[in-house]
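Subject: Structure for you to look at, with notes

Dear colleague,

Please find below the structure I promised to hand over. My notes on it follow directly after.

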Amino acid sequence: PEARTTTPHTMSGKNSPKEEDLTHDDTDSSEESSEDVKKKGRMGLRVKKNVFGKVMSSGLGKRIIPPHARGLLKSLRSIIARVVDQKTAKDIESNIIKLAVKAKICVDEKKVNENDFLRSDVPLRKALDIIVDLYNYYGDPVSESMKRKFVQVTNLMTEVGKILRELFKPHVQSKTLGRLDGIFSTLTNAKFYQSVWENPNTGKELDDLVDSMSTYLQFNY
């Protein structure tokens, strides 16, 4: 199912008979028309919020995540919970889902072309490729070469975040941009990746994460 929003139509053309009776001069008519537009704009905003809220509360939000990416989202939450904390992991998962819903709405309303969002997939795949390669070194002491790879991952993730921010910024509120920043504050931190490889208890989570990344990388848009 797709989340859809309705765009309110502003009144135009001649006034209805009732409105003409209430209109005393051109100035009053202009003011009333302007107020009508404002009211309808507020109504449209409420409709969008209601649609967004219903999608999130009904569980449809997760289904907007493509099937090949759901395992990646789940394993990402698990490993963040292991090396950071449960709250951060839950917040990041929730914010990714909310942003996916927002992206769907932007595409449906033709505010953003779907291919524009796919631009962020290019640096994302490069970052995942590096992480998959680094998996072979889990359990070894973290070398300077590995640290440089972690920095490469963070630089690529920074590029992903930058692309998404540019696409979302004209069409969403600052709260949504804050969610985006919250996600990438972790994913663009080289110490986060290093802590995963240094932790002797992240083997299972990292194994699941790399498996889900491999699944994602096999899918081509």
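A polar contact here is a pair of N or O atoms within 3.5 Å, where within protein one atom must be able to donate a hydrogen and the other to accept it, and where residues adjacent in sequence count only if both atoms are side-chain atoms. Helices (H or I, at least four residues) and strands (E, at least two) are DSSP runs, numbered from the N terminus. With those terms in hand, at the start of helix α10 a side-chain oxygen of N189 comes to within 2.9 Å of the backbone nitrogen of K191.

Before going further, some conventions. This is a predicted model, in which local features need pLDDT of at least 70 and side-chain atom pairs count only at pLDDT 80 or more, while totals for chains, interfaces and linings use all residues. Residues are numbered from 1 along each chain as its sequence is written, and side-chain values use heavy atoms, with hydrogens and water left out.

On confidence: pLDDT is the predictor's confidence in each residue, from 0 to 100, and the chain averages 82, with 72% of the residues scoring at least 70. Among the elements, helix α8 (residues 144–168) has the highest mean pLDDT, 98, and helix α1 (residues 17–22) the lowest, 43. Over residues 1–30 the pLDDT is below 50, and this stretch has 27 contacts (heavy atoms within 4.5 Å) in the model beyond near neighbours in sequence. Residues 51–58 also have pLDDT below 50, with 17 contacts beyond near neighbours in sequence.

As for the overall architecture, the chain has 11 helices and zero strands. Of its 221 residues, 34% are buried, where buried means under 20% relative accessible area, exposed over 50%, and partly exposed in between (1.4 Å probe, protein chains only). Among contacts with a separation of 6 or more, 78% are between residues 24 or more positions apart. The accessible surface of the chain, from the Shrake-Rupley method with a 1.4 Å probe and, for residues, with only the protein chains shown counting as cover, comes to about 13,500 Å², of which carbon and sulfur atoms hold 51%.

The largest nonpolar core (a set of buried Ala, Val, Leu, Ile, Met, Phe, Trp, Tyr and Cys residues joined through side-chain atoms within 4.5 Å) has 49 residues, and those with the most contacts inside it are I79, M157, F168, Y193 and W197. Two or more residues of this core come from each of α4, α5 (86–108), α7, α8, α9, α10 and α11, with α8 giving the largest share, 10 residues.

Helix α10 (residues 190–198) deserves a closer look in this context, as F192, Y193, Q194, V196 and W197 are buried there. The buried residues of α10 pack against α4 (67–83), α7, α8, α9 (174–187) and α11 (203–218). Leaving aside neighbours within four places in sequence, W197 is in contact with I131, L134, Y135, Y137, Y138, G139, V142, M146, F150 and L206.

Turning to charged side chains, the count comes to nine salt bridges, a salt bridge being a side-chain nitrogen of Lys or Arg within 4 Å of a carboxyl oxygen of Asp or Glu. One of them joins D121 and R125, whose closest N and O atoms are 2.5 Å apart; because they are four residues apart in helix α7, the two are separated by about one helical turn. D121 is buried, with a relative accessible area of 10%, and R125 also counts as buried, at 15%. The side chain of D121 makes a further polar contact, of 2.4 Å, with the side chain of Y216, and D121 lies 7.4 Å from V160, C-alpha to C-alpha, although 39 residues separate them in sequence.

Another salt bridge links E144 and K147, with closest N and O atoms 3.5 Å apart; the two are three residues apart in helix α8, so about one helical turn separates them. Here E144 is exposed, at 52% relative accessible area, whereas K147 is partly exposed, at 31%. In helix α11, D208 and K204 meet in a salt bridge of 2.8 Å, N to O, and these residues are four apart, about one turn of the helix. D208 is partly exposed, at 31%, and K204 is exposed, at 58%.

With best regards
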